[in-house]
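User: Please take a close look at the lining of the second largest cavity, then follow its residues outward into the rest of the model. Which classes of residue make up that lining?

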Amino acid sequence: MSIEPLDLDVSPKAYVALHDALDEPAADAALTERELEVRAVARNVVSREVAPRAAGLDEAQDFAHDSVQALASAGLMGLVFPERLGGTGDTNVAYAVAMEEITAGCAATSLVFMTQMHAAYPILIAGSDQLAERYVPGLVRGSVYGSLGITEPQAGSDVASLQTTARPTGDGYLLNGSKTFITTGDRARVIICFATTDRSLGRRGITAFVVDGSWEGVTHGRPFAKLGMHGSSTAELFFDGVQIPADHLLGDEGGGWQVVMSSVVKSRISAAAQGVGLARAAYARTLAFLTRQHGARLPDEQTFALAELRGRILQGRLLLHAVARQVDGSTDIPTGQIGMMKQACTDLGFAAAVAATRLLGPYGDLAVLGVERCLRDAKVTQIYDGTNEIQRLLIGRETTRAMGELS
C-alpha cells in the first residue's frame, strides 16, 4: 500500500471529528461543562495550529514556539492561575484534559506548555505578591520562557543531595553550581532554581529562588540531542557567582523541599496527562490507518488488540481525572496516589505506542504515520518528574506504612 507524505495529517475539521468519535462517555460524565469547554477549545487550537506542525518540528528539531504561542493566544497557558495574574482560575481537571489534547497533537509542544506552568506555579504558591506580578503574567502569555532547575549531574531523583549552593550575603544570596536535563533551559528567562544553603542539613537546607536568566553569571548550555520530544529543548544551566536579591527567595530559607513537594503534584498531573494523550494519539493513528487499509472489518487479531488499547486508555483517563479532582479538593493528597497516577499513565503511553507499532507491522516504523514519534516521545515521560521506578518505591513505602499502622 502506497503512503503519501502527511497521509494522516487530516484537516482541522476531520481531526476534531476523529477525536470527538474517540471520546468515552464514562470519562466525560465526570467533567463539568466548563471542563468540556476547555477541552473543546484545546482540541480546536490543536487541530489548526499544533498537530499540523508536529511532524515538521520533529524532523527539523525546531523549537515549538509558534505552537506554544497559539495555545497562549487561546488563553490555555494560565488555566490554573488566578485572573489577576492573567489566568482563568480553572481546575486541575481542566488543565489535565487540555494537556491530554495538546499531547495527542504534539507531545513536544505539550512539554514546553507544561514547563511554563511548572515554572510559574512555585512563584504563585511560595513567592511574594510582587514576585508573582513580576514573573507569572509573562509565563502565562508566553512572552518569556521558564524552566524548573532541580536536576544536577550528581543529583537526579535524590533532591536532598543537591550540590548547587546559595551562600547568604548581606543583601541576598550568591549562587554557584549547575543544573542538567533542564527543559527549555537554553532560552529560559525565568528559572526556579533549587540550591542548598547548608549541605550538612540535607533536605532541610534546600532553598528555592527565582533567577532571571539574563542576569550576569547565568550561562545557558546548548540543547542536547535526544531520542524524542524534538520540538522542545533540553539543556544545562550554569551559575557562576550569580547575585540573587533577597526578595527573590521562594518561601523560607531551608523551605525549598516543601516547594518541591507541592510542585511535583502539578508536574505529575502533567506527565500523566501526557501519557494518556500519547496513548490516544498512537491508538487514533493506528485505527485510522488500519481501517483505511482493511475497511470497517479488521482482522480479529487487530480488533482484539485495539479493543484492549481502548479499554486501557479509558482506565488511564479515569485515573487521571479522579486524582486531578482530588487535588482540586485537597492540598494533602497521598504521595503514593500521585505516584500511581504518574506511573500508570506514563507506562500506558509507552505501552500503547509499542502495541500500536507492532499492530502496524512494517508501517509502524514509518515516520509518516507518526506512531514511531509517539513511541520516542513517550519514553521520557517515564523518566522525568520522578522516574517510574521512584514512583513504585513511593507507592510501596506508603502501602507498607499503612499496613504497619494496622498491625
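Analyst: The lining of the second largest cavity divides by class into 5 nonpolar, 2 polar and 3 charged residues. Nonpolar here covers Ala, Val, Leu, Ile, Met, Phe, Trp, Tyr, Cys and Pro, charged covers Asp, Glu, Lys and Arg, and polar covers the others, Gly among them. The model is predicted, so local features need pLDDT of at least 70 and side-chain atom pairs pLDDT 80 or more, while totals for chains, interfaces and linings use all residues. Residues are numbered from 1 along each chain as its sequence is written, and side-chain values use heavy atoms, with hydrogens and water left out.

A cavity is a set of points on a 1 Å grid over the protein atoms alone where a 1.4 Å probe fits but cannot get out, and its lining residues have an atom within 4 Å of a point. Points are joined across faces, edges and corners, and the volume is the space filled by probe spheres set on them. On that basis the second largest cavity encloses about 40 Å³. Its lining consists of Ala54, Leu57, Asp58, Cys106, Ala108, Met229, His230, Gly231, Arg373 and Asp377. Two elements, helix H3 (33–60) and H11, supply two or more residues each. Helices (H or I, at least four residues) and strands (E, at least two) are DSSP runs numbered from the N terminus. The contribution of H3, 3 residues, is the most that this lining receives.

In total, the structure has 2 cavities of 30 Å³ or more. For the largest cavity the volume is about 70 Å³. Thr103, Ala104, Gly105, Cys106, Ala107, Leu278, Ala281, Arg285, Gly370, Arg373, Cys374 and Asp377 line this largest cavity. Cys106, Arg373 and Asp377 therefore appear in both linings. At least two residues of the largest cavity's lining come from each of helix H5 (92–105), helix H8 (256–294) and helix H11 (371–381). Its classes are 6 nonpolar, 3 polar and 3 charged.

Met229, one of the residues lining the second largest cavity, also has an unusual backbone angle to consider. Most residues other than glycine have a negative phi. Methionine 229, not a glycine, has a positive phi of about 50°. This residue lies in the loop between strand S6 (218–220) and strand S7 (234–245). Methionine 229 is buried, at a relative accessible area of 2% (buried means under 20%, exposed over 50%, partly exposed in between, with a 1.4 Å probe and protein chains only).

Phenylalanine 181 likewise has a positive phi, near 55°. Its place is in strand S3 (residues 172–183). At 57% relative accessible area, phenylalanine 181 is exposed.

Phenylalanine 181 leads on to the aromatic rings. There are 5 aromatic pairs in the structure. Rings of Phe, Tyr and Trp (its six-membered ring) pair if their centres lie within 6.5 Å; planes under 30 degrees apart count as stacked, over 60 as edge-to-face and the rest as tilted. In one of these pairs, phenylalanine 63 and tyrosine 145 have ring centres 5.1 Å apart and planes at 90°, so the pair is edge-to-face. Phenylalanine 63 sits in the loop between H3 and helix H4 (65–73), and tyrosine 145 in the loop between helix H7 (129–141) and strand S1 (146–149), so the pair ties together parts 82 residues apart in sequence. Phenylalanine 63 is buried at 15% relative accessible area, and tyrosine 145 is buried at 7%.

The rings of phenylalanine 181 and phenylalanine 224 have their centres 5.6 Å apart and their planes at 50°, so this pair is tilted. It links distant parts of the chain, since phenylalanine 181 is in strand S3 and phenylalanine 224 in the loop between S6 and S7, 43 residues away. Phenylalanine 224 is partly exposed, with 30% relative accessibility.

Open space comes last. A pocket is an open set of points with protein on both sides within 12 Å along at least five of seven lines. The second largest pocket has a volume of about 440 Å³. Its lining has 22 residues, and Ser262, Val265, Val327, Ser330 and Thr331 are those nearest its centre. H8, helix H9 (300–329) and helix H10 (335–359) each give two or more residues to this lining. H8 provides the largest share, 7 residues. By class, the pocket lining has 9 nonpolar, 8 polar and 5 charged residues.
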